[in-house]
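Open your viewer and load the model. Keep the sequence panel visible as you go. Each stop tells you what to select and what is there.

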Amino acid sequence: MVNRIVVGAHYGLRDWIAQRATALFMVVFTILFAAAALGLPEMNYQVWSGLFRNGIVRFFAFLFFLALFYHAWIGVRDIWMDYVKPVGARLALHLVTIFLLVGYAGWAAQILWRL
């Protein structure tokens, strides 16, 4: 019998599944949104903003952005953990990444509910 010492944050499987789930959601949303956009009678601001007046479209568009930002967080966090060895620099990069992604989520909400 071999005793194995497991160390680390244990993100592996959970984050792998989360990235696949967010990717799947983004693909499905993109296909459905493209079909809806291509089905519009014409491409102008009035028709386009009319599509986003529907609360369901806004809600799922916002979920798309949240999935995108979470997907990006997992990937970028793993890059910082794998390639940036000084703990202080890695923490700073994590914080900058988190602040940017949260800011982008707020910006997406502002854009979607301002239309």
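What share of the contacts in the protein with a separation of 6 or more comes from residues 24 or more positions apart? The share is 65%. Keep in mind that this is a predicted model.

**Stop 1: the whole chain**

Show the protein as a cartoon. It has four helices and zero strands. Follow the sequence from start to end, and the pattern reads α-α-α-α. Now think about burial. Of the 115 residues in the protein, 24% are buried.

**Stop 2: helix 1 against helix 3**

Select residues 12-38 for helix 1 and residues 55-83 for helix 3. Give each helix its own colour. Their axes lie 9 Å apart, and the packing angle is about 145 degrees. The crossing of helix 1 and helix 3 is left-handed.

Next, show side chains where the two helices meet. On helix 1, pick Asp15, Ala18, Gln19, Thr22, Ala23, Phe25, Met26, Phe29 and Thr30. Their partners on helix 3 include Phe60, Phe64, Leu68, His71, Ile74 and Arg77. Which classes of residue make up this contact? The contact of helix 1 with helix 3 has 13 nonpolar, five polar and two charged residues.

**Stop 3: two residues of helix 3**

Stay on helix 3 and select Arg77. Is Arg77 buried or exposed? Arg77 counts as buried because its relative accessibility is 6%, and the cut-off for buried is under 20%. Now add Asp15. The side chains of Arg77 and Asp15 are joined by a polar contact of 2.3 Å.

Move to Leu68, also in helix 3. Leu68 has 32% relative accessibility, so it counts as partly exposed. Draw a distance from its C-alpha to the C-alpha of Met26. The two residues are 42 residues apart in sequence, and the distance in space is 7.3 Å.

**Stop 4: helix 2**

Select residues 45-53, which form helix 2. Which of its residues are buried? They are Ser49, Leu51 and Phe52. These three sit on the same side of helix 2, because they cover an arc of only 145 degrees around the axis. Turn to the other side of helix 2, and you find Gln46 and Arg53 exposed.

What covers the buried residues of helix 2? The cover includes helix 1, helix 3 and helix 4. Bring all of these into view.

Then zoom in on the start of helix 2. Show Asn44 and Gln46. A side-chain oxygen of Asn44 comes to within 3.2 Å of the backbone nitrogen of Gln46.

**Stop 5: helix 4**

Select residues 87-114 for helix 4. Thr97 is in this helix. Thr97 is buried, because its relative accessible area is 10%, and buried means under 20%. Which residues does Thr97 contact, leaving aside its neighbours within four places in sequence? They are Trp73, Val76 and Trp80. Look closely at Trp80. The side chains of Thr97 and Trp80 make a polar contact of 2.9 Å.

Go on to Ile111, also in helix 4. Ile111 is partly exposed, with a relative accessible area of 36%. Finish with one more distance. Pick the C-alpha atoms of Ile111 and Phe62. These residues are 49 residues apart along the chain, and their C-alpha atoms are separated by 9.8 Å.

**Last look**

Zoom out and show the whole protein again. Find the four helices once more. Then highlight the Arg77 and Asp15 pair, followed by the Thr97 and Trp80 pair.

Key:
Residues are numbered from 1 along each chain as its sequence is written. This is a predicted model: local features need pLDDT of at least 70, side-chain atom pairs count only at pLDDT 80 or more; totals for chains, interfaces and linings use all residues. Side-chain values use heavy atoms; hydrogens and water are left out. Axes are lines fitted to C-alpha atoms, for helices over the stretch in contact, and angles run from 0 to 180 degrees between N-to-C directions. A crossing is left-handed if the near helix is turned anticlockwise from the far one by less than a right angle, and right-handed if clockwise. Contact means heavy atoms within 4.5 Å. Ala, Val, Leu, Ile, Met, Phe, Trp, Tyr, Cys and Pro count as nonpolar, Asp, Glu, Lys and Arg as charged, and the others, Gly among them, as polar. Buried means under 20% relative accessible area, exposed over 50%, partly exposed in between (1.4 Å probe, protein chains only). The arc is that of the directions from the helix axis to the C-beta atoms. A polar contact is a pair of N or O atoms within 3.5 Å; within protein, one must be able to donate a hydrogen and the other to accept it, and residues adjacent in sequence count only if both atoms are side-chain atoms.
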